[in-house]
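Colleague: Could you take me closely through the aromatic side chains, and then on to the parts of the fold that follow them? I would like one connected account that a first-year student can check against the model.

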Amino acid sequence: MTATDLFTAIDHVGVAVRDLDEAVAFYERAYGMTKLHEETNEEQGVREAMMGVGDSGSCIQLLAPLSEESTIAKFLDRSGPGIQQMAYRVEDIDAVCATLRERGLRLLYDTPKRGTSNSRVNFVHPKDAGGILVELVEPAADAAH
């Protein structure tokens with residue numbers, strides 16, 4: 001892995017919403033996007049939908065809290081609905097995490113966790129990434145969002 005090939009694509013932009021069904025309907029009606037995937041991730045405390053951006057392979061990830069204690073609920077209380085994270089696709093999340101740590105960046109998890117569609121994910125601390133929560137996503141071998 002070289003310094004220039006950590007990320008392979010913008011995987012998705014995460015958007016915090018209060019009501020997932022209303023947000024999905026808006027993105028379908030207003031932007032003509034198609035819902036590619038929906039799931040509940042108890043560990044992350046969210047109900048989420050991946051909305052395809054044309055045939056680019058990139059998505060908008062709509063995130064609604066499962067409880068008032070979830071990270072997304074706290075984000076909504078602090079900032080209101082809106083962009084919560086930028087996610088980059090990676091081929092080898094363990095190698096990318098090691099490289100970023102070597103470069104002095106803090107990651108939220110010691111080891112990657114399960115993300116959407118059984119992907120493996122980790123996050124760069126916003127204080128080390130210009131105020132942006134950066135998600136690293138290694139898709140599951142058989143996943144298409």
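**Aromatic pairs and what follows**

Modeller: Searching the whole structure gives 5 aromatic pairs (ring centres of Phe, Tyr or the six-membered ring of Trp within 6.5 Å; planes under 30 degrees apart are stacked, over 60 edge-to-face, the rest tilted). One of them is formed by Phe7 and Tyr88, which is stacked because the ring centres are 4.4 Å apart and the planes stand at 5°. This pair joins distant parts of the chain, for Phe7 belongs to the segment before strand S1 (9–16) and Tyr88 to strand S5 (residues 82–89), with their positions 81 residues apart. Helices (H or I, at least four residues) and strands (E, at least two) are DSSP runs, numbered from the N terminus.

The model is predicted: local features require pLDDT of at least 70 and side-chain atom pairs 80 or more, while totals for chains, interfaces and linings use all residues. Numbering starts from 1 along each chain as its sequence is written, and side-chain values use heavy atoms, without hydrogens or water.

How buried or exposed are the two stacked partners, Phe7 and Tyr88? Phe7 has a relative accessible area of 34% and is therefore partly exposed. Tyr88 is partly exposed as well, at 23%. The classes are buried under 20%, exposed over 50% and partly exposed in between (1.4 Å probe, protein chains only).

A second pair to examine is that of Tyr27 and Tyr31, whose ring centres lie 5.2 Å apart with planes at 75°, so this pair is edge-to-face. Both residues belong to helix H1 (residues 20–31), and their separation of 4 residues is about one turn of the helix. An α-helix has 3.6 residues a turn, so residues three or four places apart point the same way. Tyr27 is buried, because its relative accessibility is 14%. These two tyrosines also belong to one aromatic cluster, together with Phe26.

From the rings we may pass to helix H3 (residues 93–102), where Ile93, Val96, Cys97, Thr99 and Leu100 are buried. Why do the buried residues of H3 line one face of the helix? Viewed down the axis of H3, they fall within an arc of 165°, so they line one face; the arc is that of the directions from the axis to the C-beta atoms. The cover over these buried residues includes S7 and S8. For Cys97 the relative accessibility is 3%, so this residue counts as buried.

The two ends of H3 can be described as well. At the N-terminal end, Asp92 acts as a cap, with a side-chain oxygen 3.2 Å from the backbone nitrogen of Asp94. Just after H3, Gly104 takes a positive phi of about 90°.

Strand S7 brings the account to Asn122, which is located in that strand. Asn122 is buried, because its relative accessible area is 0%. A polar atom of the Asn122 side chain lies 2.9 Å from the backbone oxygen of Tyr109. A polar contact is a pair of N or O atoms within 3.5 Å; within protein, one must be able to donate a hydrogen and the other to accept it, and sequence neighbours count only if both atoms are side-chain atoms. Which residues does Asn122 touch, leaving out those up to four places away in sequence? Among them are Ile93, Cys97 and Arg101, and also Leu107, Leu108 and Tyr109. Thr111, Pro112, Val134, Glu135 and Leu136 are further residues in contact with Asn122 (contact means heavy atoms within 4.5 Å).

The loop between strand S6 (113–114) and S7 holds Ser117, and Asn118 is found in this loop too. Ser117 has a positive phi of about 55° although it is not a glycine, and phi of Asn118 is likewise positive, near 65°. Ser117 counts as buried because its relative accessibility is 17%, whereas Asn118, at 53%, counts as exposed.

A further loop, between strand S7 (120–124) and strand S8 (134–138), contains Pro126. With a relative accessibility of 25%, Pro126 is partly exposed. Apart from its neighbours within four places in sequence, Pro126 is in contact with Gly131, Ile132 and Leu133. The C-alpha atoms of Pro126 and Ala141 are separated by 28 Å, and the two residues are 15 residues apart along the chain.
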